[in-house]
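Hi everyone, thanks for making time. I'd like to walk you through a structure that's new to most of you, so have a look at it first.

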Amino acid sequence: MALKLYGFVPSNATFRALVSLYEKDLDVEFVKVHMADREHKTPQFLSRNPFGQVPVLEDGDITIFESRAITQYVARAYADKGTDLMMNDPKKMAIQSVWMEVEAHQFNLPSHKLVIELYINVLHRGREADEALLAEFEPKLESVLDVYEKRLTESKYLGGDSFTLADLHHLPNVHYLMMTKVKKLFDARPHVSAWAADILSRPAWVKIVSMLRSEGFV
Ligand SMILES: N[C@@H](CCC(=O)N[C@@H](CS)C(=O)NCC(=O)O)C(=O)O
C-alpha cells in the first residue's frame, strides 16, 4: 500500500519527515492539510494524531506522528533502500543517538524560535523583529553551534563519519536560518558552515527546496 504523508508547507516538522522518505527514494503521496481552515483539528485528523499536528505518516496498517519517530521508522522499515540513515554497530549507533538527542533538546528550541521570528514574522510577514526574543535565543544557538564546531573537527558528520538521521533532523531549521541574519552564526564557524552547506546540497533536500519555491517560499 502507498505511503501517505499528511503535512503542510512550510512546516519544518513536515519537511523533516518528508526528507527521510526522499533519502530512501520512496514513492510517497503528500497530502496537504489545510491548517488555515483548521483541518488539523477536525475529528478525522485527530484520529490520526490526537495532538492535531502535522506530520502524520500512514504506511499500510501503521499510522504514526512526531517527525523524529517517523524518520526512525522510515530508516528501519526501509533499511535496504536509498541512503543508510542509521549506524549498524551498537556503539556507533549510541553516538548517533546522542547527537539526535542534542538536536531535539539543545538545537531545536533556539532554532525554532529564531525561524518563527526571523523567517516567518520578519521575512514573510514583514514585521519588525522582536529584539528581546533575538537577545534571548541567539546566544543560546551560538552556544550549541560552538559545541557543533568542536564535534565537527572530530568527525565529518554529527553522528559519525557518514550522513545519518543525526544530521537530517537539522535540515529544515538550518535551511530557514540560512535565509536570515542568523546565517552569520554559521559563517563564523568553518566546520559548521561546511557541514551546513554539505547537508543542504543533498538531492533529497534540494527536492524539498523546489517544493518550497513552487509554493512561494525561499
Ligand atoms: N514535535 C512535533 C511537532 C509538530 C508540530 O509542531 N507541527 C506544527 C507544524 S510545524 C503543527 O502542526 N502545528 C499546529 C498546532 O500545533 O496546532 C513533530 O516533530 O512532529
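Before we start, one term: I call a residue buried if 20 or more other C-beta atoms lie within 10 Å of its own, and exposed if there are 12 or fewer. Also, keep in mind that this is a predicted model.

Let's begin with helix α9, which covers residues 190–200. Which of its residues are buried? They're Val192, Trp195, Ala196 and Ile199. Seen down the axis of α9, these buried residues fall within an arc of 100 degrees, so they line one face of the helix. There's a general reason for that kind of spacing: an α-helix has 3.6 residues a turn, so residues three or four places apart point the same way. Flip to the other side of α9 and you find Pro190 and Ala197, which are exposed. And what does the buried face pack against? Quite a list: α5 (131–154), α6 (165–168), α7 (171–177), α8 (183–187) and α10 (203–214).

Now jump to α3, residues 67–77. Here the buried residues are Ser67, Ile70, Thr71, Val74 and Ala75. Around the axis they cover an arc of only 130 degrees, which puts them on the same side of α3. Ala69 and Arg76, on the other side, are exposed. The elements covering the buried residues include α1, β3, β4 and α6.

That brings us to the strands. β1 (residues 3–7) and β2 (residues 28–32) run parallel, joined by 5 bridges, with Gly7 opposite Lys32. Put α1 together with those two strands, and you have a right-handed β-α-β unit. β1 also pairs with β3 (residues 56–59), but antiparallel, through 4 bridges; Leu5 stands opposite Leu57 there. Then β3 is joined to β4 (residues 62–65), again antiparallel and with 4 bridges, and Glu58 has Thr63 as its bridge partner. β3 and β4 make a hairpin with 2 residues between them, and Gly60 in the turn has a positive phi of about 60 degrees.

Last stop, the ligand. Which helices each supply at least two residues of the shell around it? Those are α1 (12–23) and α3. Among the residues around the ligand are Asn12, Ala13, His40, Gln53, Glu66, Ser67 and Arg68. Ser67 is one we've already met, as a buried residue of α3. By type, the shell divides into 3 nonpolar, 6 polar and 2 charged residues.

That's my tour, thanks for listening.

Conventions. Residues numbered from 1 in each chain as written. Predicted model: local features only at pLDDT ≥ 70, side-chain atom pairs only at ≥ 80, totals over all residues. Arc of directions from axis to C-beta. Contact = placed C-beta atoms within 7 Å. Near = placed C-beta within 6 Å. Nonpolar A, V, L, I, M, F, W, Y, C, P; charged D, E, K, R; others polar. Pairing = 2+ DSSP bridges. Right-handed = clockwise from strand over helix to strand, strands pointing away.
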